[in-house]
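Ready for a few exercises? Try each task on your own, then compare your steps with the worked solution.

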Amino acid sequence: MKQIAVLGAGRVGSAIIRDLAGAFSVSAVDSDPVRLQEFEGVDHVSMTRADLSDPACIGRSVENADVVVNALPGRIGFAAIRTLIGCKKNTVDISFFEEDPFELDGPAKKNGVIAVTDCGVAPGMTNMILGFHASLMQVDSFECMVGGLPFERRWPYQYKAPFSPPDVIEEYMRPARMVVSGTVVVKPALSDPELVEFPGIGTLEAFNTDGLRTLLKTMPVPDMREKTLRYPGHAEIMRVLRETGFFDTRAVLAGGVRVRPLDVASALLFPMWRPAAGEREFTVLRIIIRGRLNGVPKHYVYNLFDQFDPASGISSMARTTGYACTAVVRLLAEGRIEEKGVVPPERIGALPGCFKFVMDHLKERAVEYHFSEEN
């Protein structure tokens, strides 16, 4: 039985661990003993407590692994995957770090390993969908809107963080890159808000975020953009906090004490953004692809609506992100991805049979992308 090590046993990491257990022998690695306790008695899962900010601890934790999943927060994700490449470990990453993953392409190729980065729902599945269609046709435009939200709306934020809250704030800070008429354009995150209707949900607000990532380098598509979805009004509040300086990392003097505004904002926001146990939430996604297939104009739409699974207690964001990751772990373990180096998900979507494998894997777990062709 092949060995899989999962670094990070948070909301998404725990879903990944449970999905892989049985098909593989899984090592759950985390610094928090409380997170690890939930796997006591779970077949084919061993637990390792380790400081995952320490490269030496990471090395010891993955020594026997055939494939490693990097499910750590973005702030330490890049350093972790660099360490894993140095350990000559094939890796699937969902940490969504800020740094350019292609900086690690040379070391990965030199060590003969595969590093699949950004392998969640968005980025991740969105990349695979575009990669699949770009391998078959000329794509002229790609538009993606995605968000994870609670069913119950509560003032003032109408939001709960379905993944690492620091990474949510980072998403509101990073400049958003998009492609307009073949040119990369940079705008502030949270800009260009627009109202969008979703059947069965109602009106949501879409705004610019930096979700295209590797697509900016790998896909020669003239027009591409990605937007995050929230309930209307959320983006304006986040812009006010950001422009006031609450997300700054430079210390200021307050009451005779030097503090980082981000630390204060985090201490106040994160408890309000923490989902309650069993709280119902959903993930909504829409992708629109336009182009030409054999000279014929095509307009394709993908829609996803997924919600909290009360039977397993696994959140929708953990399901949609985690199961995309576990599909690619299986592809790696079966030797179906051969390219060495940093391999973004769009390249996996273009590999023969891999896109169908991933979509079938998700459907088996009741995560269904609904495809339609529009006139």
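**Exercise 1. Find out whether Asp 192 is buried, partly exposed or exposed, and describe its backbone.**

Solution. Asp 192 has a relative accessible area of 34%. Buried means under 20% and exposed means over 50%, so a value in between counts as partly exposed. Asp 192 is therefore partly exposed. Keep in mind that this is a predicted model. Next, find its place: Asp 192 belongs to the loop between β9 (183-187) and β10 (194-198). Now turn to the backbone, where phi of Asp 192 is positive, about 55°, although the residue is not a glycine. Most residues other than glycine have a negative phi.

**Exercise 2. Do the analysis again for Arg 213: where is it, and is it buried or exposed?**

Solution. Begin with the location: Arg 213 sits in the loop between β11 and α8 (215-218). Its phi is near 50°, again a positive value in a residue other than glycine. Then check the accessibility, which is 11% in relative terms, so Arg 213 counts as buried.

**Exercise 3. Work out the strand order of the open sheet and say which strands stand at its edges.**

Solution. Walk across the seven strands and you meet β3-β2-β1-β4-β5-β6-β17, with parallel pairing. β3 (45-49) and β17 (341-343) each have a single partner strand, so one side of each is left without a neighbour in the sheet, and these two are the edges. On average, neighbouring strands are turned by 20° against each other, direction ignored.

Now zoom in on one edge. Strand β6 (residues 114-116) is joined to β17 by three bridges, and Val 116 has Val 343 as its bridge partner in β17.

Finally, add the helices. Helix α4 (residues 74-86) packs on the sheet, where it touches β1 (3-7), β4 (67-70), β5 (90-93) and β6, and its direction makes about 170° with that of β4. Helix α11 (residues 316-333) lies across β1, β4, β5 and β6 too, running at about 165° to β5.

**Exercise 4. Decide how many disulfides the structure holds, and look at Cys 87 and Cys 119.**

Solution. A disulfide needs two cysteine sulfur atoms within 2.5 Å. For Cys 87, the closest cysteine sulfur is in Cys 57, 12 Å away, which is too far for a bond. For Cys 119, the nearest cysteine sulfur is that of Cys 325, at 5.6 Å, and Cys 119 is in no disulfide. The total for the structure is zero disulfides. As for their surroundings, Cys 87 is partly exposed at 30% relative accessible area, whereas Cys 119 is buried at 0%.

**Exercise 5. Describe how helices α6 and α13 cross, and which residues meet there.**

Solution. The axes of α6 (residues 125-134) and α13 (residues 354-364) come within 10 Å and cross at roughly 140°. The two helices are therefore oblique to each other, and their crossing is left-handed. On the α6 side, Met 125, Met 128, Ile 129 and Phe 132 meet Phe 355, Val 358, Met 359 and Leu 362 of α13. Helix α6 is mostly covered, with eight of its ten residues buried; among them are Met 125, Gly 131 and His 133.

**Exercise 6. Which two peptide bonds are cis?**

Solution. One runs from Ala 122 to Pro 123, with omega near 0°, and Pro 123 lies in the loop between β6 and α6. Another runs from Trp 155 to Pro 156, with omega near 5°, and Pro 156 is in the loop between β7 (138-150) and α7.

Methods: Residues are numbered from 1 along each chain as its sequence is written. This is a predicted model: local features need pLDDT of at least 70, side-chain atom pairs count only at pLDDT 80 or more; totals for chains, interfaces and linings use all residues. Side-chain values use heavy atoms; hydrogens and water are left out. Two strands pair if DSSP finds at least two bridges between them. Helices (H or I, at least four residues) and strands (E, at least two) are DSSP runs, numbered from the N terminus. Axes are lines fitted to C-alpha atoms, for helices over the stretch in contact, and angles run from 0 to 180 degrees between N-to-C directions. Contact means heavy atoms within 4.5 Å. Buried means under 20% relative accessible area, exposed over 50%, partly exposed in between (1.4 Å probe, protein chains only). Angles under 35 degrees count as roughly parallel, over 145 as roughly antiparallel, 65 to 115 as roughly perpendicular and the rest as oblique. A crossing is left-handed if the near helix is turned anticlockwise from the far one by less than a right angle, and right-handed if clockwise.
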